[in-house]
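Work through the exercises below with the model open beside you. Try each task before you read its solution.

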Amino acid sequence: MFQLNHVNMYEQEHQTVKINTIKGNLWLTALTPEIIHIQDDAAHATNSYAVEGNKQEVVPLTVAVQDGKVEITTPKLRIEIDQDGYLDIFNEHDQVVLADYRGQREKTVVQFSEEQQELLKAEGHVVVKQSTASKLEVVKVLNTNDHFYGLGDKTGFLDKRGYTYDNWNTDEPNQGEEVTKLYKSIPFLIGTNGITTYGLFFDNSFASHFDLGKESTKYFYYTVAGGGLDYYFMLGSNVADVVTNYTYLTGRTPLPQKWALGYHQSRYSYKTEQDVYQVTQKLRELQLPCDTVHLDIDYMDGYRVFTVDKNRFPDMKRLLADLKTNHFKVVTIIDPGVKKDDQYHIYCEGVKAQLFATNPDRSVYTNSVWPGVSVYPDFGQAKTRQWWACNQKFLTDLGVSGVWNDMNEPASFNGPIPDETVFFDENQPTTIQKMHNLYGHNMARATYAGFKKQTGNRPFVITRAAYAGTQKYSTVWTGDNRSSWAALQMMIPQLCNLGLSGFSFAGTDIGGFLGDTNPELLTRWIEAGIFSPLLRNHSCAGTRMQEPWQFGEPTLAIYRKYLQLRYQLIDYLYDLFAQGESDGLPIMRPLVTHYGTDPEVLNLNDEFLVGSDLLVAPVVAPGVTKRMVYLPEGSWYDYWTGYSYAGQAYYLVDAPLDQLPLFVKDGAIIPLRPVTEYIDVQAENMITFKLWGEQGTYHHYQDNGADFAYQNGEYNLYEIKMTANNDAIRLMHHGYQPVYRQINLQRGDLVISFYFDATVQTYKTK
Ligand code: GLC
């Protein structure tokens, strides 16, 4: 075997070490003491869409050669790379955190013969194509106690061990457990065995594949169809730490406008202005708190983006202004597919400026989506993104408050976009193979830029397709789910894993999109979904109408009760978003985020935390009125009765149809607002903080809920401290006017009011 000598085994430049191995060069860069970037030559020369800006901190690094291996040591970890290019990572206690697998893979997946495939097709079965993502392979040792999380919105359960997944953004209405790919590609994985925890982020947009212990119990692997070897290893002392590191790298979900945390009512479609007036009137009449109504594709003229159908919406601007006086915002859908129509200005502009994807002969590529024959804006090019951003002005001029980007995998009704179709990677022509998984990301990014420029507010964008890092620009929803109990159940692990993958602002279609919902399902869905950061009821054309009043009582009353709970707790959510800008932690969290050493929570699929203080245990099956709840370490209180439970135990709790099992951690202080029908930041001059237990401390954040002024210090930060003999409110940062006039501190039923004394800038009881 070729022996390398010590002299030319590695070269070092600052925090980057280039190691000469038999498999080629490996470039290792220490970005922080816990985050290491690993690349081959090909990857070292490329740029990233997920990681923006320089993430390199000063890291004291030692590099040495020991027993024929290069050893790189940071204050937190040590990496050993041998001459064969195998790499093992140890923590500061010298425990192996992650090791390369040295053996051969044992390929056990059965491929169908051509003949078998034909027989299966004849019987009406779909033949699943094996993944072709195999240009590069990374194989790591799998240990008995390893569990996996992350990967975005993939189907199935919380713990991804034992399953395979593909990253190829796909418009997939079947979201069964066996489906390996959905709308988003977030090639980020968290591995933990309860003792050591790490993250692996493979920053390569080509089609990729994860096998997390299905092929073998000895290893897990990643393969990718193109590009170079490009991944980040990140250490953490627990799952939460790894999420903080990952979001340091790929960006954090920014603080949204506050109204966006309210309730959204949607339908494919509210087709006319009468429909919109009716639905908004009904919401107010029935006292169902709501801030936003969504307009699906039928508001457009023949599905041409950036147009309005004048017959259905004769004066969109007036409609939106009217709704505004009633405190409703409107979000409109915008798909990427541009109708091929010589009379249509968007199409003509795009052709002229060469903004659309092309065939290899440079003619504009066409496929079919809602408008019929359509072309695809090439969002990998800066000029296309700028043009798209400018087009948002059409919407903002009408008074539209946010944009819902759909079909941006991108969907193509007329078969897949051929591999050789030309899309640009900035100034370089490449193909769909590289740019496909980035398409939704770049579209959302352009939409965000346009809305920011036009309104000066924090843009509200929803996207269906995404790549790692899209959380900086957009919220997401999980696409076309079904009105089924299985879909309700899956919402929990799906949103939890999205949260762990950086997407704090995520939701599902409440009630289910495809098929008909029913009163019990919708009721349990709103209970389970009330803490999903993006709270939107949406359903498909041709299905049973799904607004809460369509089902009579008790559905309506229960639905209202939970919307009211959401609005009461809106500041708890907003505080978590504000906190998330610095720790990256999601709103909806699986219990493993904070209790990773507790084996009971490693694959707990029907409970989740909201922040670290609320524990939600929804009913996700029909006919159930009692359920088993696991409460982790510590003491917990029943939100409704105040009854106290000791943690690390299972309890059978009552869950009649109108009751969501909800628990509060001992020592928590939870902000509570009076119930309102919409979010009105200007009117918020009083707030209550309720203590659960004997004592606690809480930090509450307040700003104008709209623009970026908070980034220049225009916010308030309150510290609420409640102890057995002393309650105190401290204004830690005062940059936003006004402050609350009154703050109530509550223990049990006892409420003490404090009032702001402007002369001494403190809160006092009268
Ligand atoms: C897609 C979206 C869905 C939308 C429909 C019509 O199926 O996922 O939410 O209602 O298109 O625009």
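**Exercise 1. Two loops with cis prolines, and one unusual phi**

Task: Which loop holds P410, and what is the form of the peptide bond from E409 to P410?

Solution. This is a predicted model. Begin with the position: P410 sits in the loop between β25 (402-405) and β26 (422-425). Next, check the bond. The peptide bond from E409 to P410 is cis, with omega near 0 degrees.

Now go to P554, in the loop between β33 (535-537) and α12 (555-568). E553 and P554 are joined by a cis peptide bond, with omega about 5 degrees.

Finish with D67, in the loop between β5 (62-66) and β6 (69-73). D67 is not a glycine, yet its phi is positive, about 50 degrees.

**Exercise 2. The helix pair α4 and α5**

Task: At what angle do the axes of α4 and α5 cross, and which residues meet?

Solution. Find helix α4 (residues 273-285) and helix α5 (residues 316-325). Their axes come within 11 Å and cross at roughly 5 degrees. Angles under 35 degrees count as roughly parallel, so α4 is roughly parallel to α5.

Then list the contact. From α4 come E273, V276, Y277 and T280; they meet R318, L319, D322 and L323 in α5. Sort these residues by class: 4 are nonpolar, 1 is polar and 3 are charged.

**Exercise 3. The helix pair α10 and α11**

Task: How are α10 and α11 oriented, parallel or antiparallel?

Solution. Take helix α10 (residues 485-500) and helix α11 (residues 519-529). The axes come within 10 Å, crossing at roughly 5 degrees. That angle makes α10 roughly parallel to α11.

Next, the residues. W485, A487, L488 and M491 in α10 touch E520, L521, R524, W525, A528 and G529 in α11. The contact divides into 7 nonpolar, 1 polar and 2 charged residues.

**Exercise 4. Around the ligand**

Task: Which residues come nearest to the ligand, and what is the make-up of the shell by class?

Solution. The ligand has 13 residues around it; D296, D406, R464, D480 and H538 come nearest. By class, the shell has 8 nonpolar, 1 polar and 4 charged residues.

Now take the distances from a ligand oxygen atom to a side-chain N or O atom:

- D406: 3.0 Å.
- D480: 2.4 Å.
- H538: 2.9 Å.

Last, the cover. On its own the ligand has 300 Å² of accessible area, and the protein covers 97% of that.

Terms used
Residues are numbered from 1 along each chain as its sequence is written. This is a predicted model: local features need pLDDT of at least 70, side-chain atom pairs count only at pLDDT 80 or more; totals for chains, interfaces and linings use all residues. Side-chain values use heavy atoms; hydrogens and water are left out. Axes are lines fitted to C-alpha atoms, for helices over the stretch in contact, and angles run from 0 to 180 degrees between N-to-C directions. Helices (H or I, at least four residues) and strands (E, at least two) are DSSP runs, numbered from the N terminus. Angles under 35 degrees count as roughly parallel, over 145 as roughly antiparallel, 65 to 115 as roughly perpendicular and the rest as oblique. Contact means heavy atoms within 4.5 Å. Ala, Val, Leu, Ile, Met, Phe, Trp, Tyr, Cys and Pro count as nonpolar, Asp, Glu, Lys and Arg as charged, and the others, Gly among them, as polar. A residue is near a molecule or strand if one of its heavy atoms lies within 4 Å of it. A polar contact is a pair of N or O atoms within 3.5 Å; within protein, one must be able to donate a hydrogen and the other to accept it, and residues adjacent in sequence count only if both atoms are side-chain atoms. Accessible areas come from the Shrake-Rupley method with a 1.4 Å probe; for residues, only the protein chains shown count as cover.
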